[in-house]
Amino acid sequence: MLSEHASVQQLGALSRLLAAVKGIDLSLDVPGARDIREIRAEIADQLSDYVIPRLVQLDAPLLTVVGGSTGAGKSTLVNSIVGESVTESGVLRPTTRSPVLVHHPDEGEWFQPDRILPDLPRTEAVTNDVYALRLVASRFVPRGLAVLDAPDIDSIDAANRELAGQLLAAADLWLFVTSAARYADQVPWDYLRRAAERSTSVAVVLDRTHDDHVVEVRGHLARMMTSRGLSDSPLFTVPESEIEPNGLLPRAAVAPIVSWLHDLAADPEGRAAVVHGTLDGAVRHNVMQSHDIADAFDAQVEAAKQLRGDVDGIYRKAAETLAAQTADGTLMHGEVLGRWQEFVGSGELMKSVEERVSRLRDRLLDNLTGRRAQSAEVVDAVESGLQALIMEHAESAAEQTYRAWSSTPPGKALLARQRGLDRASRDARVSSERLVRDWQARVFEMVRAEGADKRLTAKFLAFGVNGVGVALMVLVFVQSTGAGGAAQVGVAGGTAYVAQKLLEAIFGAQAVRDLSRRAGEDLQACVIALLETEQKRYTDLLVDPAALEAAQAELREAARQAEYARHADFFEDGGKHR
């Protein structure tokens, strides 16, 4: 249920921001991408783990996360603050166990998965599952307070380090534990710097410090805190002490910390100030970093445009060239030309084409059986030649795309995801063979349908369809040479000219032009579809640049709305606790 203090406007804006952050695609390996991905993960984790759940339940207990360096004595300190042994400590590193959240027995419902840290399963048993959150009820913890013992921030175990960062980002209050031997280490100060940037409420505990060095070390630590924007953060000192038989530090050693935490728990206004300050700082910081992601996203968009432009340009040129070569006489050479000449008897016919068209029709009827065999040979030659031409361009386009993408880091990384992108797909050859056969079948069907309306003998229609269809294919292969210009392409054109005149004698000039156009357009459409399928192997690896730009614009707008809601209506109390 929405807390009466939470802003519906702010919740809506932050939910939109969370969706926009998660929806941004950072898959291309452009410079700085790794850092931006980490920032995105941090924003998404904090919004979903802490900010949004906390806004919904502003009255929940103050969650104090105890974090710090390896060997700083965190677990012993947690047990001593609580007043009983609730978490295990050990000298072996890394300590592999689940984080422990200690709460008052009456307030366990506040820490269920639907309330906070939703991705961490809950358990009440001791476990070594790092990603399980163990809930412990203790009557020594006052209402309004919960204490969470987090893994070491500098653990040699990556899972421990990752979880420590996630838990600290979900804290209302950081209780940061260090020691005289570790207080100047870089890793803790990296975390504290981030806390200062987010305006996170922080208290620092200088633990395990000998009396002889307390004043000197505390003074130096205080100056370091001031120089890093943490001058208002409480600094507690726990002197080096003997562990009591119950495993706890002497009560007096931790009394100032216990008193301060209990006072916060008992003071609704003070507790609200801590929560609201941390929340407001988290929202502000996440909004700023969302804008940073949107700015850095320009590199993703530009890389995607370049890669998409490369593949689109290469395959567009391949389609254009292939379409041209299926109509400019390129195919009327070699085997196709030879078989066609044998079929039409070019030596005799070329002597006087116009005078012998009628004789050709008679010869097709008189020598029907032989012509059928020869027409089949032409069909086979056309199938082989056209399929080879298609594969030549498919292979060339794949090789060019592979070279272009390999020249850039983002493209090289995409190519590594899938094998075989340096050549046409395994299905291309089978697809091209099927394409040619299907196209030839449709050409024959065109001829059959057109011939059904002509005054031809049944015998000619029954046995001459393939021969007439072959003639139409030949005409398609030279149709771009111009009207009546089949003769302009040399020997191939001359034999194609025979095909043109033969078809015109059967169907008429206009019908031939229509048949040739339809058959040519059909072939080109099929070829383009095959190349688009080949091209899709590459474009499927990319997000459409237009979609990337839309996601970028949405992220910027979501961040702007979240910042507006923060200023206008963050809390119903008018920002009293900011």
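## Confidence of the model

The protein has a mean pLDDT of 85, with 86% of its residues reaching 70 or more, and the structure described here is a predicted model. Two stretches stay under 50: residues 346-358, for which the model has 19 contacts beyond four places in sequence, and residues 457-463, for which it has ten such contacts. Where pLDDT is low, the predicted coordinates should not be read in detail.

## Helix H14

Helix H14 comprises 26 residues, 426-451, and at 1.5 Å a residue it should span 38 Å, which agrees with the 39 Å that separate its end C-alpha atoms. Its buried residues include Leu-435, Val-436, Trp-439, Gln-440, Val-443, Phe-444, Met-446 and Val-447. An α-helix has 3.6 residues a turn, so residues three or four places apart point the same way.

## Aromatic pairs

The structure holds five aromatic pairs. In one of them, Trp-405 and Tyr-538 meet edge-to-face, at 5.7 Å centre to centre and with 80° between the planes. This pair links distant parts of the chain, since Trp-405 belongs to helix H12 (residues 368-406) and Tyr-538 to helix H17 (residues 509-539), 133 residues apart. Both Trp-405 and Tyr-538 are buried.

The rings of Trp-439 and Phe-477 have centres 6.0 Å apart and planes at 35°, so this pair is tilted. Because Trp-439 lies in helix H14 and Phe-477 in the loop between helices H15 (458-476) and H16 (490-507), the pair ties together parts that are 38 residues apart in sequence. Trp-439 and Phe-477 are both buried.

Ring pairs also join Tyr-315 with Trp-405 and Tyr-538 in a cluster.

## Charges over rings

Arg-194 lies over the face of Tyr-191, 4.5 Å from the ring centre, while the charged end of Arg-228 sits over the ring of Trp-189, at 4.8 Å from its centre.

Methods
Residues numbered from 1 in each chain as written. Predicted model: local features only at pLDDT ≥ 70, side-chain atom pairs only at ≥ 80, totals over all residues. Heavy atoms only, no water. pLDDT = per-residue confidence, 0-100. Contact = heavy atoms within 4.5 Å. Helix = DSSP H or I, 4+ residues; strand = E, 2+ residues; numbered from the N terminus. Expected span 1.5 Å × (residues − 1). Buried < 20%, exposed > 50% of the residue type's maximum accessible area, 1.4 Å probe, protein only. Phe/Tyr/Trp six-rings, centres within 6.5 Å; stacked < 30°, edge-to-face > 60°. Lys NZ or Arg CZ within 6 Å of the ring centre and 35° of its normal.
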